[in-house]
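Dear colleague,

Here is the structure I promised to hand over, with my notes on what I found in it below. Please read them with the sequence open beside you.

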Amino acid sequence: MRESFWGVFIVVTGVVLIGLIYFFQNVTNTDEHNYTLLKETTQNAMIDAFDLAEYRVTGKIKINREKFVENFIRRFAENAQLSNTYEINFYDIVETPPKVSLEVKSKQGSVVQNQQVEFDITNRLDAILELDS
């Protein structure tokens, strides 16, 4: 009888540990996906918002603030996971020299032993536009 309890204990412990590993792997993958998406989207939106007319006239590198926000939100929405809810905060957008500071928040949750567990995943990015000469 004692050996059978040990067998049940090992099986239950294994199932619980596999569940925890799956949950934290899912959180880690979501965080990595959000950061990569944030980085790539910011870079491409800044390139799309580059003001070529201003560059041709004055030689200054400048981005258009409204165009950057529009392109960023459109690109982010096209590639974001549909199962998550995102909150995008723009903290600083400087047109000359081109610099942006933004933050993306999302929630990742799961049910563990009949309790809802949620993590807030926050990614911040400060970016400047560098162009090759």
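A search of the whole structure, which is a predicted model, finds seven aromatic pairs. In one of these, the rings of Phe-72 and Phe-76 have centres 5.8 Å apart and planes at 20 degrees, so the pair is stacked. Phe-72 and Phe-76 are four residues apart in helix H3 (residues 65-79), which puts about one helical turn between them. Phe-72 counts as buried, with a relative accessibility of 0%, and Phe-76 is likewise buried, at 3%. Phe-76 also forms an aromatic pair with Tyr-86, this one edge-to-face, with 5.2 Å from centre to centre and 90 degrees between the planes. Because Phe-76 lies in helix H3 and Tyr-86 in strand E1 (residues 86-94), that pair ties together parts that are ten residues apart in sequence. Taken together, ring pairs link Phe-68, Phe-72, Phe-76, Tyr-86 and Phe-90 into a cluster.

Two members of that cluster turn up again around Thr-42, which lies in helix H1 and is buried, with a relative accessible area of 1%. When its neighbours within four places in sequence are left aside, Thr-42 is in contact with Phe-68 and Phe-72, and also with Val-100, Leu-102, Leu-125 and Ala-127.

Turning to charged side chains, the structure holds six salt bridges, and I describe some of them here. Arg-75 forms a salt bridge with Asp-48, in which the closest N and O atoms are 2.5 Å apart; this pair links distant parts of the chain, since Arg-75 is in helix H3 and Asp-48 in helix H1, 27 residues apart. Both partners are partly exposed, Arg-75 with a relative accessible area of 23% and Asp-48 with 27%.

The side chains of Glu-95 and Lys-62 meet in another salt bridge, at 4.0 Å from N to O. This pair, too, links distant parts of the chain, with Glu-95 in the loop between E1 and strand E2 (99-112) and Lys-62 in the loop between helix H2 (52-58) and H3, 33 residues apart. Glu-95 is partly exposed at 25%, and Lys-62 is partly exposed at 22%.

A further salt bridge joins Arg-74 and Glu-78, with 3.6 Å between the closest N and O atoms. Arg-74 and Glu-78 both lie in helix H3, four residues or about one turn of the helix apart. Arg-74 counts as partly exposed, at 39%, whereas Glu-78 is exposed, at 55%.

On the surface, Val-8, Val-12, Val-16, Leu-17, Leu-20, Phe-24 and Phe-119 make a nonpolar patch of about 580 Å². Helix H1 (residues 2-48) contributes the largest share of that patch, six residues, while Phe-119 has its place in strand E3 (residues 115-128).

As for the overall form, the protein has three helices and three strands, which run α-α-α-β-β-β from the N terminus on. The radius of gyration is 22 Å, where a compact globule of 133 residues would have one near 14 Å, and the C-alpha trace spans about 85 × 30 × 20 Å along its principal axes. Buried residues make up 26% of the 133 residues. The protein exposes about 9,400 Å², of which carbon and sulfur atoms supply 55%.

With best wishes

Technical notes: Residues are numbered from 1 along each chain as its sequence is written. This is a predicted model: local features need pLDDT of at least 70, side-chain atom pairs count only at pLDDT 80 or more; totals for chains, interfaces and linings use all residues. Side-chain values use heavy atoms; hydrogens and water are left out. Patches are made of residues with over 30% relative accessible area and no salt bridge: like charges are joined within 9 Å, nonpolar side chains (Val, Leu, Ile, Met, Phe, Trp, Tyr) within 5 Å. Accessible areas come from the Shrake-Rupley method with a 1.4 Å probe; for residues, only the protein chains shown count as cover. The radius of gyration is taken over C-alpha atoms; the globule rule is 2.2 Å times the number of residues to the power 0.38. Buried means under 20% relative accessible area, exposed over 50%, partly exposed in between (1.4 Å probe, protein chains only). Rings of Phe, Tyr and Trp (its six-membered ring) pair if their centres lie within 6.5 Å; planes under 30 degrees apart count as stacked, over 60 as edge-to-face and the rest as tilted. Contact means heavy atoms within 4.5 Å.
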